[in-house]
Amino acid sequence: MIKKIFYLAALFLAALNLRPIITSVASMMSMIQSDLGVSALTASLLTTLPVLCMGVFAPVATKLSRRFGLERTLFFSIFLITIATGLRGTSQTVTILLTTAFAGGVGISFAGPLLSSFIKKYFPKSPGIVSVYSISMTVGAALASGLTIPIYLRSEHNLPLALSCWAILGVIAMILWLGLARQNQQADLADVPLRLPLRNKKAIQFTLFFGFMSSMFYSLTAWISPIALDFGNSPQYAAMLLTIFTLIQIPVALLVPNIVNRLGKPKLFLILCSLSELIGLLFLLLPMPILPAVIFLGIGAGGLFPLALMLPIIETRTPEEAGTWSAMSQMGGYIMGGFGPFLIGLIFDISGHFQAAIVAMLAIVMLMIGVQLSMKLGKKRDEVSN
């Protein structure tokens with residue numbers, strides 16, 4: 001029991017570090033643009049770049065895990081994220097922000113699929129534990145999105161301090177993970193193929209779904225505050241909306257995976273969460289307060305993300321297989337998702353308003369629902385192969 005608690009704490013602390021390097025920048029997007037004198041398109045790269053890295057480098061995670069062990073590779077990924085976040089305190093330039101966004105994205109790309117392997121390894125009969133993974137990421141995102149601006153204001157507009165202070169979360173996680181890394185619990189993978197399941201129809205569907213889901217998630221994370229500002233809200237209220245969008249995901253991320261684990265029917269909950277995002281976007285196009293839209297968008301995002309993490313775990317047989325399926329879905333998914341904030345920034349720069357971008361997000365959600373409807377879920381041993 002004590003070991004399980006220790007592993008849960010390790011999972012929670014590792015996942016806590018996977019979003020602050022992104023959401024701290026997202027909440028400060030307007031200030032970064034004004035302080036550094038950059039366009040919306042350039043500013044969007046600060047969220048686009050790490051998400052793209054999370055996709056491009058995800059397949060490397062399984063190779064590193066095979067070479068150095070799961071626990072050591074996860075420790076290294078936390079170390080890389082922590083160093084990248086801390087370096088943001090060294091100077092106030094676009095170059096350092098982009099460089100650290102790249103390095104942090106690489107660290108997250110290693111941790112993402114390997115934490116799915118970690119769950120499959122230490123909690124093989126409890127895939128609902130993915131809710132701890134998802135909630136922890138959401139808590140980390142909420143802390144960074146909600147507190148970065150107050151830190152910025154209280155520090156007399158010290159942008160490097162506001163963005164780098166989140167490295168403390170990584171230091172705390174590294175202290176615990178150092179014990180796991182020293183154990184060097186390296187699996188015998190000599191006979192385990194680690195190829196990505198590129199020809200598996202179900203794995204391809206998971207990848208497409210992850211891509212549309214992450215495109216929506218990161219577009220909303222990066223631009224929900226600027227959208228609120230464009231609609232005539234104050235900077236404080238716009239920042240609060242991003243925090244609400246993030247916080248509302250916590251109870252949803254806790255409930256949905258556990259309900260699916262008990263009742264089954266993951267497809268039903270996938271579609272319900274997507275419909276929630278669809279309603280939220282439609283509300284944004286209507287002449288009404290923005291808060292209801294943000295609530296529906298948060299509910300949808302809060303359910304979709306843990307389900308995206310859960311699908312490779314429940315549809316595979318071994319930790320290594322779960323890792324390769326997760327690596328593939330996150331590789332393709334994050335590459336697709338990384339273009340979301342970039343596209344919104346581009347549309348805004350061209351049109352001067354967000355209505356066209358919201359319509360584009362509506363189209364993305366419709367495509368995501370189409371992929372979900374085509375899925376045939378349920379573990380079939382003969383189908384689960386690389």
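**Exercise 1.** Leaving aside its neighbours within four places in sequence, with which residues is Val51 in contact?

*Solution.* The structure is a predicted model, in which local features need pLDDT of at least 70 and side-chain atom pairs count only at pLDDT 80 or more, while totals for chains, interfaces and linings use all residues. Residues are numbered from 1 along each chain as its sequence is written, and side-chain values use heavy atoms, with hydrogens and water left out.

Step 1. Contact means heavy atoms within 4.5 Å.
Step 2. With neighbours within four places in sequence left aside, Val51 is in contact with Ile22, Tyr218, Tyr334, Ile335, Gly337 and Gly338.
Step 3. Val51 lies in helix α4 (residues 40–56); helices are DSSP runs of H or I with at least four residues, numbered from the N terminus.
Step 4. The relative accessible area of Val51 is 0%, so Val51 is buried (buried: under 20% relative accessible area; exposed: over 50%; partly exposed: in between; 1.4 Å probe, protein chains only).

**Exercise 2.** Determine whether Thr148 is buried or exposed, and list its contacts.

*Solution.* Step 1. Thr148 belongs to helix α8 (residues 130–154).
Step 2. Thr148 counts as buried because its relative accessibility is 0%.
Step 3. Beyond neighbours within four places in sequence, the contacts of Thr148 are Ser24, Ser27, Met28, Leu143, Ala162, Leu163 and Trp166.

**Exercise 3.** Identify the residues with the most contacts inside the largest nonpolar core, and the helix that gives the most to this core.

*Solution.* Step 1. A nonpolar core is a set of buried Ala, Val, Leu, Ile, Met, Phe, Trp, Tyr and Cys residues joined through side-chain atoms within 4.5 Å.
Step 2. The largest such core has 121 residues, and Phe118, Tyr133, Trp177, Phe209 and Leu281 have the most contacts inside it.
Step 3. Helix α11 (residues 201–230) gives the most to this core, with 15 residues.
Step 4. Leaving aside neighbours within four places in sequence, Phe118 is in contact with residues including Tyr7, Leu74, Phe123 and Trp177.

**Exercise 4.** Compare the expected span of helix α14 with the distance between its end C-alpha atoms, and state what covers its buried residues.

*Solution.* Step 1. The expected span is 1.5 Å times one less than the number of residues.
Step 2. Helix α14 (residues 266–285) has 20 residues and should therefore span 28 Å; its end C-alpha atoms are 30 Å apart, which agrees.
Step 3. Among the buried residues of α14 are Phe269, Cys273, Glu277 and Leu281.
Step 4. The cover of the buried residues of α14 includes α11, α13 (249–263), α15 (291–314) and α17 (355–374).

How values were computed:
Helices (H or I, at least four residues) and strands (E, at least two) are DSSP runs, numbered from the N terminus.
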